[in-house]
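Let's take a friendly walk through a protein model, one stop at a time. Keep the picture open as you read, and look for each residue as it is named.

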Amino acid sequence: MKYTDYQVTLELTEPMLGTVPKNPKVYEEYIASKAPSLQAGNEEVEVEKSREDIEKGGWTGFHHDDQGLFLYDYQIMGFLKEAGNTLKEQLGIKNLRSKIEQFVFVLPRRIHFAQKPCDEPLERPLRAMTMQGPRVTLTRSDMVPTGTKIEFTIRLLDNWKTDKGDDGNGKKRVPEISADTLKEILGFGGLKGLGQWRNGGYGRFEVVSMKPVTKDTKEDAAS
């Protein structure tokens, strides 16, 4: 199997909000709230119960371990696929999202933040329309601040397509997803970033560096 590893460093230009419910039972309670009522005509009670569960589980944060807060690799992959799907026409690559799934991988499994989180969470109202009319609930999210660095590796498997040569007659093999393609995709993070409330401008980032990992670099990292 042939591939090239790229060491990537991102820096947040806007704070990033956590996506992990801080209530450890939120998934269990959410599923219970969706269970069919035993009493007919009790839909409003079920809706109200769901709303209360949302309020209880409305504080989100980050995954954490002994080394601190971290993102899972699939969160970076999710961004790459979303950005690739948006930019496929501009980049001229059909089915770019599925090709990213086939040829692009993110390492390691846990990607730790270089900085500590903000002391105070971000609080904001959420508006929703229920069977009882419009409702507003308060939600809060832990944040990591602007300037936080995120470092990880992108592994790009060799992928080729046949293209016309410079003279228009001959043929040559060129990578369909190249390092330049990945840089264009990562550049989308300046508009839509990582984490929660991305549509509100949170989690935006810039690419500080993206360098191929040489043999010497790999040996230094292993020592």
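We begin with a single residue, Asn159, which counts as buried because its relative accessibility is 6%, under the 20% cut-off for that word. Keep in mind that this is a predicted model. You will find Asn159 in the loop between β12 (149-157) and β13 (160-164). What does the side chain of Asn159 reach at 2.7 Å? It is the backbone nitrogen of Ile177. A polar atom of the same Asn159 side chain also lies 3.1 Å from the backbone nitrogen of Glu176. Both of these partners appear again among the contacts of Asn159 beyond its neighbours within four places in sequence: Phe103, Val174, Pro175, Glu176 and Ile177.

Now step back to see the whole chain. The protein chain has six helices and 15 strands. Of its 223 residues, 39% count as buried. If you take the contacts with a separation of 6 or more, 74% of them are between residues 24 or more positions apart. The accessible surface of the chain comes to about 13900 Å², and carbon and sulfur atoms account for 50% of that.

Next, look inside. In soluble globular proteins, nonpolar side chains tend to be buried together. Here the largest nonpolar core has 35 residues, and Leu80, Val104, Ile150 and Phe152 touch the most other members. Elements that each supply at least two residues to this core include β1 (3-12), β6 (68-72), α4 (96-103), β7 (104-107) and β15 (205-212). Which element gives the most to this core? That is α3, with six residues. To get a feel for one core member, try Ile150: leaving aside neighbours within four places in sequence, its contacts include Val8, Leu10, Leu71, Phe113 and Leu194.

Another contributor to the core is α5 (179-187). Its buried residues include Ala179, Thr181, Leu182, Ile185 and Leu186. Seen down the axis of α5, the buried residues fall within an arc of 155°, so they line one face of the helix. A general rule helps here: an α-helix has 3.6 residues a turn, so residues three or four places apart point the same way. The buried residues of α5 pack against β1, α3, α4, β7, β12 and β15.

Our last stop is charge. Side chains of opposite charge can pair when their charged atoms come close. How many salt bridges does the structure hold? There are nine. In one of them, Lys149 pairs with Glu11, with the closest N and O atoms 3.3 Å apart. This pair links strand β12, which holds Lys149, to strand β1, which holds Glu11, across 138 residues. Lys149 is partly exposed at 30% relative accessibility, and Glu11 is partly exposed too, at 22%.

A second salt bridge joins Asp142 and Lys22, at 2.9 Å from N to O. Asp142 sits in the loop between β10 (133-141) and β11 (143-144), and Lys22 in the loop between β3 (20-21) and α1 (26-33), so the pair ties together parts that are 120 residues apart in sequence. Is Asp142 buried or exposed? With a relative accessible area of 19%, Asp142 is buried, whereas Lys22 is partly exposed at 44%.

Technical notes:
Residues are numbered from 1 along each chain as its sequence is written. This is a predicted model: local features need pLDDT of at least 70, side-chain atom pairs count only at pLDDT 80 or more; totals for chains, interfaces and linings use all residues. Side-chain values use heavy atoms; hydrogens and water are left out. Helices (H or I, at least four residues) and strands (E, at least two) are DSSP runs, numbered from the N terminus. Buried means under 20% relative accessible area, exposed over 50%, partly exposed in between (1.4 Å probe, protein chains only). Contact means heavy atoms within 4.5 Å. Accessible areas come from the Shrake-Rupley method with a 1.4 Å probe; for residues, only the protein chains shown count as cover. A polar contact is a pair of N or O atoms within 3.5 Å; within protein, one must be able to donate a hydrogen and the other to accept it, and residues adjacent in sequence count only if both atoms are side-chain atoms. A nonpolar core is a set of buried Ala, Val, Leu, Ile, Met, Phe, Trp, Tyr and Cys residues joined through side-chain atoms within 4.5 Å. The arc is that of the directions from the helix axis to the C-beta atoms. A salt bridge is a side-chain nitrogen of Lys or Arg within 4 Å of a carboxyl oxygen of Asp or Glu.
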